[in-house]
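This report looks at how side chains and strands meet in one protein chain. Please read it with the structure in view and find each residue as it is named.

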Amino acid sequence: MAATQRRGRRIMMTPAELDAFLTERRTCRVATVGRDGRPHAGALWFVWDGRSLWLYSLVRSRRWADLRGDARIAVVVDDGREYGELRGVELSGTAERVGEAPRKGEPCAELDAPEALFAAKYFGPAAMPHDGRHAWLRLTPETTVSWDFRKLAAPGRG
């Protein structure tokens, strides 16, 4: 179960707002820690299934190598240009590899739902491509922190 947000409750997203936000956004920033302790952050496409964030990552990436040594991960999804428009979510926990790596399309019931979501979100009606270079990571957050600065301008909060 994810930890409860202690600070910023006034601007935190409700569960329904969080689900809608993570479903509609397309790009996240993924942070990992290398063997030498240095952080690494990179952008990646993702899907949210209402419980977990699914990342389709290159298996020959620094991210994948980092996670082999230390599976802790933090992911930020954000939006907005002006201060009063900023909103986002930080999810952190332990990344789990799911299915074959690299993914070549072998049947895996656990991947049916995330692959259908991913294909619909990024490829339209096309089927999920399996290029033999990517594999799935699942983050079921242990900690979730959200913010929506648009709530600061809400009536009665002036």
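In this predicted model, Asp 66 and Arg 62 both belong to helix α2 (residues 62-69), where they are 4 residues apart and therefore separated by about one helical turn. The two residues form a salt bridge, in which the closest N and O atoms are 3.8 Å apart. Are these partners buried or exposed? Asp 66 has a relative accessibility of 8% and so counts as buried, whereas Arg 62, at 40% relative accessibility, counts as partly exposed.

Side chains of opposite charge can pair when their charged atoms come close. The structure holds 14 salt bridges, and the table lists some of them with the distance between the closest N and O atoms.

| Residue | Partner | Closest N and O atoms |
|---|---|---|
| Lys 151 | Glu 17 | 2.8 Å |
| Asp 36 | Arg 38 | 3.5 Å |
| Asp 66 | Arg 62 | 3.8 Å |

The pair of Lys 151 and Glu 17 links distant parts of the chain, since Lys 151 lies in the segment after β7 (143-148) and Glu 17 in helix α1 (residues 15-24), 134 residues apart. Lys 151 is buried, with a relative accessible area of 17%, while Glu 17, with a relative accessible area of 32%, is partly exposed. For the salt bridge between Asp 36 and Arg 38, by contrast, both residues are exposed. Elsewhere, salt bridges link Glu 24, Arg 25, Asp 79 and Arg 87 into a network.

We turn next to the strand β6 and its surroundings. Why can β6 be described as largely enclosed by the rest of the structure? The reason is that 6 of the 6 residues of β6 are buried. The strand is covered on both faces, with His 134, Trp 136 and Arg 138 buried on one side and Ala 135, Leu 137 and Leu 139 buried on the other.

Two strands are paired with β6, and each can be traced in the structure. Strand β3 (residues 53-58) runs antiparallel to β6 and is joined to it by 6 bridges; within this pairing, Ser 57 stands opposite Ala 135. Strand β5 (residues 87-98) also runs antiparallel to β6, and here 4 bridges join the two strands, with Glu 96 standing opposite Arg 138.

The rings form another set of contacts, and the count comes to 10 aromatic pairs. One of them is the edge-to-face pair of Phe 118 and Trp 136, whose ring centres are 5.3 Å apart and whose planes are at 90° to each other. This pair connects distant parts of the chain, with Phe 118 in helix α3 (residues 109-123) and Trp 136 in strand β6 (residues 134-139), 18 residues apart. Both Phe 118 and Trp 136 are buried. Through ring pairs, Trp 45, Trp 54, Tyr 56, Phe 118, Tyr 122, Phe 123 and Trp 136 are linked into a cluster.

Charged side chains also meet rings in this model. The charged end of Arg 26 sits over the ring of Trp 45, at 5.5 Å from the ring centre, and Trp 45 is also one of the members of the aromatic cluster. In a second example, Lys 121 lies over the face of Phe 46, and its distance from the ring centre is 4.2 Å.

Technical notes: Residues are numbered from 1 along each chain as its sequence is written. This is a predicted model: local features need pLDDT of at least 70, side-chain atom pairs count only at pLDDT 80 or more; totals for chains, interfaces and linings use all residues. Side-chain values use heavy atoms; hydrogens and water are left out. Rings of Phe, Tyr and Trp (its six-membered ring) pair if their centres lie within 6.5 Å; planes under 30 degrees apart count as stacked, over 60 as edge-to-face and the rest as tilted. Buried means under 20% relative accessible area, exposed over 50%, partly exposed in between (1.4 Å probe, protein chains only). A charge sits over a ring if NZ of Lys or CZ of Arg is within 6 Å of the ring centre and within 35 degrees of the ring normal. Two strands pair if DSSP finds at least two bridges between them. A salt bridge is a side-chain nitrogen of Lys or Arg within 4 Å of a carboxyl oxygen of Asp or Glu.
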